[in-house]
Amino acid sequence: MKMTKVVPFAMSALLLGGAIGAPTASANEGEPTVINAETSVQQVQPIFIKVTGTVENVEVRENATYYTVVDGDNTNIVTANKDSLVFDNMGKEAKLQKGNKVSAYSYAKKPMLAIYPPQYNPEVIIVETEEMGSVEVDFFNKDLVDTENNLKLNVGEDTKLASATGKDVKVDDLKEQHLVVFYTIATMSIPAQTPPSKVIVLDTIEKEEPVEVDPVPTPEPAPVDSAVQEIINKDFYEVDGTKMVPLRLIAEKLGFKVEVTPKGAIVSKGALSYTITRGQKEYGYNKALRQFKVAPALLESGKTYVPVEFVEELTK
């Protein structure tokens, strides 16, 4: 490992973007495409409506079973029958029952009943387990990239392919389709790339002709906090061509809690949690795994250093 401590002659700006998307087990959410003049944030028409929560009641009726899904103050009804697609977050077939934590994905353009609580008949229901697996439900283009440029699929020989209707599926059949993607590891690139373990084509949804829209200007990246920028400029090493910066100093400046572990640290804020292990390129992101270009290392006494690209992850 080639390591060099660098002392810069002058403060140089590091261009890091704010709000960089990453793969999660979620569908697109938002309103029709608009540009807000004050925030310059692009909002995208959702492809799927995602309902999450815990199953607190199960009512079996003649043609379907009705599951009451509660998440805080939000209550929704999710219906399922013998033909419904129900899997756990690793892609294994699952059975819904009371107490399950679930994520249900319903095609946004499908008609809904105007009743309360809202009632959904989802295309797929995911039972969330403690296993380290992620799910993406979205439309993927001819390059197998999702609608928000967050995830690109690198389908290999080990990827299991299936369809909602039971038809045989080949790799070319995944292009320009609504897909359920199961994966465990993704790169730190934009878009993140993953070798999915399983992909299901939702061929029950009719394909629509693409609608051409005027290109939207890309917002300028948000500047890094000045205190964080100063740390990046002054306290770093070069390891195998990668700039390494102190994890704890930067994370705490950004409002994260840092819990030191024997081999690294757990960095958390709200629902976000990162598990960093020195000497290991893979790191935990909630229930998923991601990967650094260079493994974190104890480059000074009591200070763990990570690739500077991780600051982008923390400034989402």
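Among contacts in the protein between residues at least 6 apart in sequence, what percentage join residues at least 24 apart? The figure is 60%. The model discussed here is a predicted one. The chain has 316 residues, and 41% of them count as buried. Its secondary structure consists of 3 helices and 26 strands. The surface that the protein exposes comes to about 18,000 Å², of which carbon and sulfur atoms supply 51%.

We can start with the sheets. One open sheet is made of 7 strands, and its pairing is mixed. Read across the sheet, the order is β7-β10-β8-β4-β5-β6-β9. The strands at the edges are β7 (85-88) and β9 (119-120). Each has a single partner strand, so one side of each is left without a neighbour in the sheet. Further in, β8 (residues 101-107) pairs with β10 (residues 124-128). The two strands are antiparallel and are joined over 5 bridges. To find this pairing in the model, look for Ser-103, which stands opposite Ile-126 in β10.

Strand β5 (residues 65-71) belongs to this sheet as well, and Thr-65 has its place in that strand. Is Thr-65 buried or exposed? Its relative accessibility is 15%, and buried means under 20%, so Thr-65 counts as buried. Leaving aside its neighbours within four places in sequence, Thr-65 is in contact with two groups of residues. Val-58, Glu-59 and Val-60 come before it in the numbering, while Val-78, Thr-79 and Ala-80 come after it.

A second open sheet has 4 strands in the order β11-β14-β17-β13, again with mixed pairing. Its edge strands are β11 (134-140) and β13 (160-163), each of which pairs on one side only. On average, neighbouring strands of this sheet are turned by 20° against each other, with direction ignored. Within the sheet, β14 (residues 177-183) and β17 (residues 198-201) run antiparallel and pair over 4 bridges. Val-180 stands opposite Ile-200 in β17.

Another pair of strands can be found later in the chain. Strands β20 (residues 257-261) and β21 (residues 264-269) pair in the antiparallel sense over 5 bridges. What joins β20 to β21? The connection is a hairpin, and it passes through 2 residues. Across this pair, Glu-259 has Ile-266 in β21 as its bridge partner.

Next come the helices. Helix α1 covers residues 226-234. The buried residues in this helix are Val-228, Gln-229, Ile-231, Ile-232 and Asn-233. Which elements do the buried residues of α1 pack against? They pack against one strand, β19 (242-246), and two helices, α2 (247-253) and α3 (309-314).

The last topic is charge. Side chains of opposite charge can pair when their charged atoms come close. A search of the whole structure finds 9 salt bridges. One of them is formed by Asp-235 and Lys-303, whose closest N and O atoms are 2.6 Å apart. This pair links distant parts of the chain, with the two positions 68 residues apart in the numbering. Asp-235 lies in the loop between α1 and β18 (237-239), whereas Lys-303 lies in strand β26 (residues 303-307). Asp-235 has a relative accessible area of 12% and is therefore buried. Lys-303, at 23% relative accessibility, counts as partly exposed.

Lys-303 has a further salt bridge, to Glu-300, with an N to O distance of 3.5 Å. Glu-300 is partly exposed, and its relative accessible area is 26%. Which residues are joined into one network by salt bridges that share partners? They are Asp-235, Glu-300 and Lys-303.

A salt bridge also connects the side chains of Arg-290 and Glu-313, at 2.6 Å from N to O. Arg-290 is in strand β24 (residues 288-291) and Glu-313 is in helix α3, so named parts of the chain that are distant, 23 residues apart, are linked by this pair. Both Arg-290 and Glu-313 are buried.

Conventions
Residues numbered from 1 in each chain as written. Predicted model: local features only at pLDDT ≥ 70, side-chain atom pairs only at ≥ 80, totals over all residues. Heavy atoms only, no water. Pairing = 2+ DSSP bridges. Axes fitted to C-alpha atoms, helices over the stretch in contact; angles between N-to-C directions. Buried < 20%, exposed > 50% of the residue type's maximum accessible area, 1.4 Å probe, protein only. Contact = heavy atoms within 4.5 Å. Salt bridge = Lys/Arg side-chain N within 4 Å of Asp/Glu carboxyl O. Areas by Shrake-Rupley, 256 points an atom, 1.4 Å probe, with all protein chains shown as cover.
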